[in-house]
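Please find below a colleague's note on the structure under review. The points are numbered so that each may be checked against the coordinates in turn.

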Amino acid sequence: MTLLDNRPSDPAKLIEGRTGPWEIILGLEVHAQVASKAKLFSGAAVGFGAGPNEQVSLVDAAMPGMLPVINRYCVEQAVRTGLGLQAQINAWSRFDRKNYFYPDLPQGYQISQFKDPIVGEGEITVERDDGSTFVVRIERLHLEQDAGKSIHDLDPDWTYVDLNRAGTALMEIVSRPDMRSSDEAAAYVKKLRTILRYLGTCDGDMEKGNLRADVNVSVRRPGGDLGTRCEIKNVNSYRYIQQAIEYEARRQIEILEEGGSIAQETRLFDPTKGETRSMRSKEEAHDYRYFPDPDLLPLELDEAWIAAIKAGLPELPDAKMARLQAQYGLSAYDARVLAIDIARADFFERAAEGRDAKLVANWTTNNLLARLAEAGLDIDESPIPARDIAGLVKLIEDGVISSKIAKEVFEHMWAGEGEPAAIVEARGLVQVTDTGAIEAAVDAIIAANPDKAEAVKTRPQAIGWFVGQVMRETGGKANPAAVNDILKARLGVE
Ligand code: MN
């Protein structure tokens, strides 16, 4: 099959080799573990952290005579995901055996889908960091079993096998080769993960291996024919995806510039060295001797059932981003930062209820998210709950505290000192709006600095010095608007 190129060369994405510019062509196969309590073809539990081989049924261990039974919920999750990717749902699909030998695959084959996957073509709109977007076409999504795990480092002489993962349901989501840089590949995986988490069909936990990418990398001269690709298996962080691509593209360019050719192969990324190395020469589909699994009937989906799943879809990230802008007047940037994580968007909407939404967005993105990132925390681990961000914004709206004091209050909130109103009360941070007190401070400062007061008459912008003095005098608690008004009146400035 020839994969058609969807995008013209973008000069900004080309990388310079010794003999001229090159273009990187990237397609990804993402394996996403289906969020489900049980495995794809057995009732064994799916869970992280169980003891070795504690979650293995006779089916998973491939005992003779055991038969697979399809898990309806996993099928539903695959359909839900297909709908979320705006993809074709195939009412008729089929499971095939993909034959290969590996110690962690007791059946001697993986039950997968080959010619007739459950989900066909779809697409995802991906945002770059600068806010621009590009489209990645989805070629297909199919259901398949995961393998177990060989453990080589527990014993010097023996390899152990843990079959807990064997039989766990995976969705393999295959993109078209529509990405042109390591940044775009990482942005695509991020967006895909966001959609899966909105849908609740995969938890997206990359550290646990629940979302991992096989990255197909090739290079070509801009506008030229597609080059031979290498596949880098099982890369499980955004950073590794980017490092693996950068290294692999450079490796291929060097070979080609020296007159060599690229061998199609499967490679592994070594994160400690930042390099890819050859794992095996790439096998073709016919090497696996695919054939329909005789233990399973074709999967036939009822149109009404698909329609019901579609009707139950949640609001998806693109729709949420648009709504956050329309409903709350947020910038595209703030909307994107909040919508990228459904927990962030929920947090924001809870805090914004009845408040100045732009202020809430500022405090959430500029202050809270920044502090959470420093501390390595997700928003659902935030020491400051949404109602306290709302409380802080209310104090600013009501003129009880200035934005400057709010920063100080925020620090006390972060330190776990409780609700913002209580902190302001206990620490005496209430803004001074009593004009008498401000007037007294203004008069004292003018009296002590007659030369500066005179200068303001010819250079009105010098009033800023007085504002600073009054704020210092009042411990930052004076209402800035009142300070300005009083100063202008006293100094005779318009
Ligand atoms: Mn696969």
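The points below concern a predicted model, and they take up the metal site, the salt bridges, the empty spaces, the surface and the backbone.

1. The metal site. The manganese ion has three kinds of contact to name: its protein donors are NE2 of His31, OE of Glu144 and OE of Glu172, at 2.0 to 2.2 Å from the ion. Along the sequence, these donor residues follow the spacing H-x112-E-x27-E. The site thereby links distant parts of the chain, for His31 belongs to strand β2 (residues 20–33) and Glu172 to strand β10 (residues 169–175), 141 residues apart.

2. Burial of the donors. Are His31 and Glu172 buried or exposed? His31 has a relative accessible area of 9% and is therefore classed as buried, the limit being under 20%. Glu172 is likewise counted as buried, at 10% relative accessibility.

3. Salt bridges overall. The whole structure contains 33 salt bridges. In general, side chains of opposite charge can pair when their charged atoms come close. The next points treat some of these pairs individually.

4. Lys13 and Glu184. These two residues form a salt bridge in which the closest N and O atoms are 3.9 Å apart. The pair connects distant parts of the chain: Lys13 lies in the segment before β1 (15–17), Glu184 lies in helix α2 (residues 182–199), and 171 residues separate them. Both Lys13 and Glu184 are buried.

5. Asp178 and Arg137. Here the closest N and O atoms of the salt bridge are 2.8 Å apart. Asp178 is in the loop between β10 and α2, whereas Arg137 is in strand β7 (residues 133–145), so the pair ties together parts that are 41 residues apart in sequence. Asp178 is buried, its relative accessible area being 0%, while Arg137 counts as partly exposed at 21%.

6. Arg490 and Asp443. The closest N and O atoms of this salt bridge are 2.7 Å apart. It links helix α15 (residues 480–491), which holds Arg490, with helix α12 (residues 435–448), which holds Asp443; the two residues are 47 residues apart. Arg490 is partly exposed at 40% relative accessibility, and Asp443 is partly exposed at 32%. Elsewhere, Glu248, Arg251, Glu265 and Arg267 are joined into one network by salt bridges that share partners.

7. The second largest pocket. How much space lies in the second largest pocket? Its volume is about 1,400 Å³. The pocket is lined by 44 residues, of which Lys190, Arg193, Tyr238, Ile340 and Arg344 are the closest to its centre. The elements giving two or more residues to this lining are β6 (122–127), α2, α3 (238–257), α6 (332–339), α7 (342–352) and α8 (357–375). Helix α2 gives the most, with 10 residues. Glu184, named in point 4, also lies in helix α2.

8. The enclosed cavity. The count of cavities of 30 Å³ or more comes to one. The largest cavity has a volume of about 90 Å³. Its lining consists of 13 residues, and those nearest its centre are Asp60, Gln107, Gln145, Ala166 and Gly167.

9. A nonpolar surface patch. Leu58, Met63 and Met66 make a nonpolar surface patch of about 270 Å². Of these, Leu58 is found in the loop between β2 and α1 (72–84).

10. Backbone angles. Most residues other than glycine have a negative phi. Which phi values depart from this pattern? Asn53 has a positive phi of about 60° although it is not a glycine, and Arg289 has a positive phi of about 50°, again without being a glycine. Asn53 lies in the loop between β2 and α1 and is partly exposed, with a relative accessible area of 37%. Arg289 lies in the loop between β14 (275–281) and β15 (291–292), and at 56% relative accessibility it counts as exposed, since the limit is over 50%.

11. Arg221 and Ser9. Arg221 is located in the loop between β11 (211–220) and β12 (230–235). Its relative accessible area is 33%, which means that Arg221 is partly exposed. The C-alpha atoms of Arg221 and Ser9 are separated by 9.4 Å, although the two residues are 212 residues apart along the chain.

Note on methods. Residues numbered from 1 in each chain as written. Predicted model: local features only at pLDDT ≥ 70, side-chain atom pairs only at ≥ 80, totals over all residues. Heavy atoms only, no water. Donors = N, O, S within 2.8 Å, 3.2 Å for Na, K, Ca; no water. Helix = DSSP H or I, 4+ residues; strand = E, 2+ residues; numbered from the N terminus. Buried < 20%, exposed > 50% of the residue type's maximum accessible area, 1.4 Å probe, protein only. Patch = residues over 30% accessible without salt bridge, like charges linked within 9 Å, V, L, I, M, F, W, Y side chains within 5 Å. Areas by Shrake-Rupley, 256 points an atom, 1.4 Å probe, with all protein chains shown as cover. Salt bridge = Lys/Arg side-chain N within 4 Å of Asp/Glu carboxyl O. 1 Å grid on protein atoms, 1.4 Å probe; cavity = no way out; pocket = protein on both sides within 12 Å on 5 of 7 lines; lining within 4 Å. Points joined across faces, edges and corners; volume = space filled by probe spheres on them.
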